[in-house]
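Student: I have a structure open and would like to work through it by questions. Can we start with the charges on its surface?

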Amino acid sequence: MRRNFKRLIVCGKNLKLQRKQIKSFTALMEGKINKQLKKVLKKIVKEAHEPLAVADAKLGGVIKEKLNLSCIHSPVVNELMRGIRSQMDGLIPGVEPREMSAMCLGLAHSLSRYRLKFSADKVDTMIVQAISLLDDLDKELNNYIMRCREWYGWHFPELGKIISDNLTYCKCLQKVGDRRNYASATLSEFLPEEVEAEVKAAAEISMGTEVSEEDICNILHLCTQVIEISEYRTQLYEYLQNRMMAIAPNVTVMVGELVGARLIAHAGSLLNLAKHAASTVQILGAEKALFRALKSRRDTPKYGLIYHASLVGQSSPKHKGKISRMLAAKTVLAIRYDAFGEDSSSAMGVENRAKLEARLRTLEDRGIRKISGTGKALAKTEKYEHKSEVKTYDPSGDSTLPTCSKKRKIEQVDKEGEVTEKKAKKAKIKVKVEEEEEEVVLVEEETSTKKKKKKDKKKHIKEEPVSEEEPCTSTAIPSPEKKKKKKKKKDIED
């Protein structure tokens, strides 16, 4: 027990020393002079005859202003400081190297925490737990409300169609219970007068079945659960809003509380999210779709959780991908500013959001601008005026003249519908000439065809003589000329 008590005392002393060291080191890093440093420097001022070597030029300037002590800052001084740090064990007597290394490690951790501004208010694990609980509550509420509507619908089915809001439905049900009580009940707290009158009229002519008191008690108990969970959900949402504004105000301005909290929960912490690139933040939450697209060699998704941000929702479908990419780039800057920045204001987020909104406006207006010209002026749309045009009948289409291969200009018809005489005579002469030409061409074609037929007949009549050397196996059919010669020979012999 005594040993443990001594260890506790030693740990407490070490913690106090660490806190003092942190204060002095943070003062030095911010360019301020600590009380202990002031005492040491005042003693040196009296005895010093040479300038003071300083590792930080800012701190040297402060010392020179307050204590009138000349300081030097150069690369040689930095090398000297590095040598002192490496030989610290030999320069300070009575300190073991093990204790010295542990002290240095603890001081380094505490300084890094200070540099990153880690505090109890900036714990992002609370956001991760709150957003996951909020999602679970939404799922449970949906299940409970669906069950409540279905259960009470057997007794009073018309109420579900009249009251669409789930919370008011449960409150009305909790107050009234059985449908017979609706006639005497007052529901002006939850419903307007018109809807209340409609509910009372529907309760009198309801087609629902009768239900026992025990069933109604169980339904009412379920309604109380729904109301309590919904009230707790609103309280949890307010808590999440406050935590997001404390930890990541710029991210909250850019994408909203819910989307920002989901991004942090998906990455694990704000620091892990700050390490991601803008392209990763854009697709965060759509990993399955991304790997499916890569596997099937299709288009990769353009957005993940960032799709639910208000800026992406405002844009038209063809600009959603472009806006989500720009929003992801600006959101990553806001995340890194919130994670590593010293300032806790949301000015940077407001400025970037205004830029994105202006860019969205220009993208939306670009479709209305003129295609030709400078492109800066908006397209002017003329007012619509109804013009009733009376069309007259054109008799030139009723011409019975044969069509010609050559293109001719259509004769213009006078207002009274009569064609001038000169043009009509010229047209008749042209038609006659063309008809005569066609007849001549037809005659020439007929004579040429007759000549061709005669030549073909002569070719068929002439046959090639059969050679004597080739044996003729087929029976030869005697020609009519040979028959005549044979008859003449017989007549001579007789």
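Tutor: This is a predicted model. Helix H18 (320-340) and helix H19 (347-366) each supply at least two residues of the positive patch.

Student: Which residues gather in the patch of positive charge on the surface?

Tutor: Lys and Arg count as positive. So we look for those two residue types on the surface. The patch holds Lys302, Lys322, Arg325, Arg359 and Arg366.

Student: Is Lys322 buried, partly exposed or exposed, and what is its relative accessible area?

Tutor: Lys322 has its place in helix H18. Buried means under 20% relative accessible area, and exposed means over 50%. Lys322 falls in between, so the label is partly exposed, with a value of 31%.

Student: Which residues form the negative surface patch?

Tutor: Asp and Glu count as negative. Every name in this patch is a Glu: the members are Glu435, Glu436, Glu437, Glu438 and Glu439.

Student: Take Glu438. Is Glu438 buried or exposed?

Tutor: Glu438 is found in helix H20 (residues 421-461). The cut-off for exposed is over 50%. Glu438 has a relative accessible area of 53%, so Glu438 is exposed.

Student: Which residues form the nonpolar patch on the surface?

Tutor: Together the members have about 400 Å² of accessible area. One of them, Ile92, is found in the loop between helix H5 (88-91) and helix H6 (97-115). Ile92 is partly exposed, at 34%. The full patch is Leu80, Ile84, Leu91, Ile92 and Val95.

Student: Now the salt bridges. How many does the structure hold?

Tutor: A salt bridge needs a side-chain nitrogen of Lys or Arg within 4 Å of a carboxyl oxygen of Asp or Glu. The number of salt bridges in the structure is eleven.

Student: How far apart are the closest N and O atoms of Asp135 and Arg262?

Tutor: Asp135 is partly exposed, at 25%. Arg262 is partly exposed too, at 28%. The two form a salt bridge, and their closest N and O atoms are apart by 2.7 Å.

Student: How many residues apart in sequence are the parts that this pair ties together?

Tutor: The bridge in question joins Asp135 and Arg262. Asp135 lies in helix H7 (residues 125-153), while Arg262 lies in helix H13 (residues 257-267). So the pair ties together parts whose separation in sequence is 127 residues.

Student: Glu351 and Lys355 also meet in a salt bridge. About how many helical turns separate them?

Tutor: Their N to O distance is 3.9 Å. Glu351 is partly exposed, at 46%. Lys355 is partly exposed as well, at 45%. The two are four residues apart in helix H19, so their separation is about one helical turn.

Student: Which residues do salt bridges with shared partners join into one network?

Tutor: Start with one pair: the side chains of Asp178 and Arg180 meet in a salt bridge at 3.9 Å, N to O. Asp178 is buried, at 15%, whereas Arg180 is exposed, at 56%. The network is made of Asp178, Arg179, Arg180 and Glu210.

Student: Let us go inside. Which residues of helix H9 are buried?

Tutor: Helix H9 covers residues 166-176. What covers its buried residues includes H7, helix H8 (158-162) and helix H11 (213-247). After H9 comes Gly177, with a positive phi near 85°. The buried residues of H9 are Thr168, Tyr169, Cys170, Cys172, Leu173 and Val176.

Student: Which residues is Thr252 in contact with, leaving aside neighbours within four places in sequence?

Tutor: Thr252 is found in helix H12 (residues 249-255). Its relative accessibility is 7%, so Thr252 counts as buried. With those neighbours left aside, its contacts are Met244, Met245 and Glu257.

Student: Last, the whole chain. What share of its residues counts as buried?

Tutor: The chain has 21 helices and two strands. Its accessible surface comes to about 38300 Å², of which 55% belongs to carbon and sulfur atoms. Of its 494 residues, the share that counts as buried is 25%.

Technical notes:
Residues are numbered from 1 along each chain as its sequence is written. This is a predicted model: local features need pLDDT of at least 70, side-chain atom pairs count only at pLDDT 80 or more; totals for chains, interfaces and linings use all residues. Side-chain values use heavy atoms; hydrogens and water are left out. Buried means under 20% relative accessible area, exposed over 50%, partly exposed in between (1.4 Å probe, protein chains only). Contact means heavy atoms within 4.5 Å. Patches are made of residues with over 30% relative accessible area and no salt bridge: like charges are joined within 9 Å, nonpolar side chains (Val, Leu, Ile, Met, Phe, Trp, Tyr) within 5 Å. Accessible areas come from the Shrake-Rupley method with a 1.4 Å probe; for residues, only the protein chains shown count as cover. The place of a charge is taken as NZ of Lys, CZ of Arg, CG of Asp or CD of Glu.
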